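Here are my notes on the structure you sent over, as numbered points. Have the model open while you read.

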Amino acid sequence: MDNAESKSIENQETQSLEDQTLEQEGLEGHAESDHNHDHGADVPPMDPACRREISVEIPADVVTKQQETLVQQYSKQARIPGFRKGKVPASMVRNKFSGEITSEVVEKLVPQYFKEGVLKAGFRPVSQPHIYGLEYTPGEPMKFKAAFEVLPEFELSDYKETKVAKPQINVTDEEVDAEVKQLQERQASYDPIDDERGAKKGEFVQVSFEATPKSGADAETESKQEGSAEGAEGAQKPVQPVQMDEVLVEIGGENTIPEFTKHLSGAKAGEERNFDVSYADDFYDKRLAGQVFSYKVKVNALKKKTVPELNDEFAQELSPELKTFDDLKKLIRDNMEAERRHKLEHEAKDQLVEELLAKNDFSVPRSMVEHQIELRLERGLRALAAQGMKTEDMRHMDFARLRAGQLDAAIKEVKASVLLAKIAIAEKIQVTDEDLDQEIAAMAQQMKQPVEEVRGRLIKDNAVERLRDRMRSEKALNWLYSNAV
């Protein structure tokens, strides 16, 4: 590819990152107005291979002009005893508000001249710049230094030669029948048994129960002692009593705890049964594993399970679009194949990226890694909240340990993103405005919100170009995969 053309494409692809960084109104460290102080030691951690630095000088006449503009503004607004508003002498304003005026000069001019400096030097920052070493003496140029990170420079390996095995999609008749069986079970009805006899094997008892840890306080004390020995992170909470209403228990069922089958066989509606259950140390529910519970069970009703026949009517009840039972089986097979294809292709794409990363060794900006860690933690906290964890409990989590645990995965994700972006540039893969509109429309449909509302939120959060970048990476990965199988 022609170098000039490649550079043009690369400029276009990275413009959004540059704009997001340079158009910030506030720059970290920009208010450091101590004369001739070098604060380079305070620069946040940056990857040496991605770190860049520029020295900037703002002409003295520009600084003076900005100062005089501010002096005039202060003169019109300042309230000083002995002077009418708007009549305060400029010399008095300079003396009384020198610190404030200098700070405003810095806030106004430093971002502007930083942007000009990086563009002139040919850099495209992907991190917020750190401004330090600010030097200013009245009547002389203002000087400062800026440290920031850029995307790494590296030569792509021969990515077109990387191959992965094409996933083989195979759904057996037995798997389809098993899925049909689950659908049949979910459509089952539970009808009351009016007989005065007790519950038999294969029938269900509808019960309410209270389950109390054996030995009560002693069990709680023992649990606390065991938990404290495991440390703060692994400490077990005291075992709490359990109360549940309207639970269906199958007598002799495959998943029924043997003690329930034993003590509820022959039970009649209205009866109560008391018994203990000892849970094995390897019981799947860790809250119950190794514990003994005393159960007080009341039988509310006896019921018989009836499953629907597997015929055309069964299929039609599931969906009016299905006419026959064979239509249902075909739909199930198609869905299983699509789900399996998606899973296997996702795994194959992960393998493809892993192999490409192994062939391309490069550093990535620390700022991008930190941002990715934040995204991963945010997703994790949202998942915990969805599972019912309280905000108060989240505050007590060891976030330093959690951040450290996300580091390797975050680095890999950033590297993959940078690599795919570079391949997209090499292959001239673009995301058009039409592609973007379709994606936003799909997002709106999924969130059940108006398209313009979703678009407006993306614009407000400066997330439109990030969405475009993500879509471009997905396009590049799909292109790689289509050429790798």
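1. Which side chain does Glu-347 meet in a salt bridge? Its partner is Lys-343, with 2.7 Å from N to O. Bear in mind that this is a predicted model, so that distance, like the others below, is computed from predicted coordinates.

2. Look at where that pair sits. Glu-347 and Lys-343 are both in helix H9, and because they are 4 residues apart there, about one helical turn separates them. Neither side chain is buried: Glu-347 has a relative accessible area of 39%, so it counts as partly exposed, and Lys-343, at 48%, is partly exposed too.

3. Helix H9 turns up again in a salt bridge between Arg-333 and Asp-173. The closest N and O atoms of that pair are 2.5 Å apart. This one ties together distant parts of the chain: Arg-333 belongs to helix H9 (residues 325-359), while Asp-173 belongs to helix H5 (residues 173-186), and the two are 160 residues apart. Arg-333 has 24% relative accessibility, so it falls in the partly exposed class.

4. Another pair to click on is Asp-435 with Lys-475, whose side chains form a salt bridge at 2.9 Å, N to O. Here too distant parts of the chain are linked, with Asp-435 in helix H13 (residues 433-447) and Lys-475 in helix H15 (residues 464-484), 40 residues apart. Lys-475 is partly exposed, at 34% relative accessibility.

5. Not every salt bridge here should be read as an isolated pair. Arg-366, Glu-370, Glu-374 and Arg-403 are joined into one network by salt bridges that share partners. Over the whole structure, the count comes to 27 salt bridges.

6. Now for the nonpolar side. The largest nonpolar core has 28 residues, and the members that touch the most others are Ile-101, Phe-114, Met-142 and Phe-144. Colouring those four is a handy way to find the core on screen.

7. Which helices and strands each supply at least two residues of this core? They are strand E1 (51-58), helix H2 (60-77), helix H4 (98-121), strand E2 (130-135) and strand E3 (142-149). H4 gives the most, with 8 residues.

8. Don't stop at that core, though. There is a second, separate one of 27 residues, and its members include Tyr-159, Val-364, Ile-373 and Val-414. I'd describe the two cores separately in the write-up.

Notes. Residues are numbered from 1 along each chain as its sequence is written. This is a predicted model: local features need pLDDT of at least 70, side-chain atom pairs count only at pLDDT 80 or more; totals for chains, interfaces and linings use all residues. Side-chain values use heavy atoms; hydrogens and water are left out. A nonpolar core is a set of buried Ala, Val, Leu, Ile, Met, Phe, Trp, Tyr and Cys residues joined through side-chain atoms within 4.5 Å. Buried means under 20% relative accessible area, exposed over 50%, partly exposed in between (1.4 Å probe, protein chains only). A salt bridge is a side-chain nitrogen of Lys or Arg within 4 Å of a carboxyl oxygen of Asp or Glu.
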